[in-house]
Amino acid sequence: IVSQITLDDIVKLLPKPTTGIIELPSLGIFYDPSVVINGGLEIRPLSVQEEKLVAGMNNANVDDVIDTILSRCLITSIDINDLLLTDRYYMLLMLRANSYGQEYNFTLTCGSCSVAQKHSVNIPGDFTIKNPPVDAKEPFECVLPVSKITLAFRLLRGKDEKIIRKYKDKENKKGYGTSGDPGYIYSLALPILMVNNQTIDIVTAMELVSRLPVKDLAYFKQAIEENTPGVITTVTKSCGACGKELVTDLPMTSEFFRPVFTTKK
């Protein structure tokens, strides 16, 4: 006689959920050390409930879905919106690796011969982690080479990304999106805290950014980049058809959260 399996039997069969600590690219130095201990966050792998969210993800809700997934899988008591953008991205990569495995497959199309081929990387082993100096501290300062203006600035957080997105949506509804990226100047003005040791509001900061000599603006963007920790996800592969070297940032395809496994042995 074949008996029917019970819910209790199922629970005994399933492995218990496990958590792990990931060391952030920022080393946690921009957060409360009593919360982000030793520069690490405790996370858990994705569950079927998060996969359910992914199944309903589309261009309109992708940002909200990613926010929800990060929030649900973060055990450490910190708001994901307070994390640096680069730390959030690293957490997303590690969630993928811890949930499905480190190997990530994707397709690249050669720009020379137009042949599409499968490639793979290991997350995070194939990437370089850029850490900040141990004495890094906000606000950072830079003196612009042309105007000689001193800017004090901070790094962008997850909540800033939402503010920028909201601003872009508002400007696009006004029809300003036809004259370029409406969030470009806003996103560069938002990190500015002080000018020549004087505080500045966002409207004035936007006006400053829009009037800067282009060399000054390039210098400011470089200063932000140099002080931003993160994971460098540049992918370099060779085309198997023509041998051309392919260099791109890590593609985010559907296989990122929907990997294809080989079931036959």
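Gly 111 sits in the loop that links β3 (103-109) to β4 (116-122), and in this predicted model the residue is exposed, with a relative accessible area of 75%. Although Gly 111 and Cys 239 are 128 residues apart along the chain, their C-alpha atoms are separated by 9.5 Å. The points below turn to the chain as a whole, then to a sheet and a helix.

**The chain as a whole**

- The chain contains 8 helices and 12 strands, and its C-alpha trace spans about 85 × 55 × 40 Å along the principal axes.
- Of the 265 residues in the chain, 37% count as buried, while the area that the chain exposes comes to about 15,900 Å², with carbon and sulfur atoms supplying 53% of it.
- Among the contacts in the chain with a separation of 6 or more, 63% are made by residues that lie 24 or more positions apart.
- The chain carries 29 positive and 31 negative charges, and the mean positions of these two groups are 4 Å apart.

**An open sheet of four strands**

- Strands β6, β7, β8 and β9 form an open sheet of 4 strands, in the order β6-β7-β8-β9 and with antiparallel pairing.
- The edges of this sheet are β6 (140-143) and β9 (198-199), each of which pairs on one side only.
- In general, the strands of a sheet pair through backbone hydrogen bonds, and this pairing is either parallel or antiparallel.
- Strand β8, which covers residues 192-195, is joined to β9 by 2 bridges, and these strands run antiparallel; Val 195 has Gln 198 in β9 as its bridge partner.

**Helix α7 and its surroundings**

- Helix α7 covers residues 202-211, and within this helix Ala 205, Met 206, Leu 208 and Val 209 are buried.
- Seen down the axis of α7, the buried residues fall within an arc of 160°, so they line one face of the helix.
- As a general point, an α-helix has 3.6 residues a turn, so residues three or four places apart point the same way.
- Val 203 and Arg 211 lie on the other side of α7, where they are exposed.
- The buried residues of α7 pack against three helices, namely α5 (158-173), α6 (184-189) and α8 (214-227), and also against the strands β7 (150-153) and β8.
- Helix α7 is thereby linked to the open sheet described above, since β7 and β8, against which its buried residues pack, both belong to the order β6-β7-β8-β9.

Key. Residues are numbered from 1 along each chain as its sequence is written. This is a predicted model: local features need pLDDT of at least 70, side-chain atom pairs count only at pLDDT 80 or more; totals for chains, interfaces and linings use all residues. Side-chain values use heavy atoms; hydrogens and water are left out. Buried means under 20% relative accessible area, exposed over 50%, partly exposed in between (1.4 Å probe, protein chains only). Contact means heavy atoms within 4.5 Å. Accessible areas come from the Shrake-Rupley method with a 1.4 Å probe; for residues, only the protein chains shown count as cover. Lys and Arg count as positive and Asp and Glu as negative; His and the chain ends are not counted. The place of a charge is taken as NZ of Lys, CZ of Arg, CG of Asp or CD of Glu. Two strands pair if DSSP finds at least two bridges between them. The arc is that of the directions from the helix axis to the C-beta atoms.
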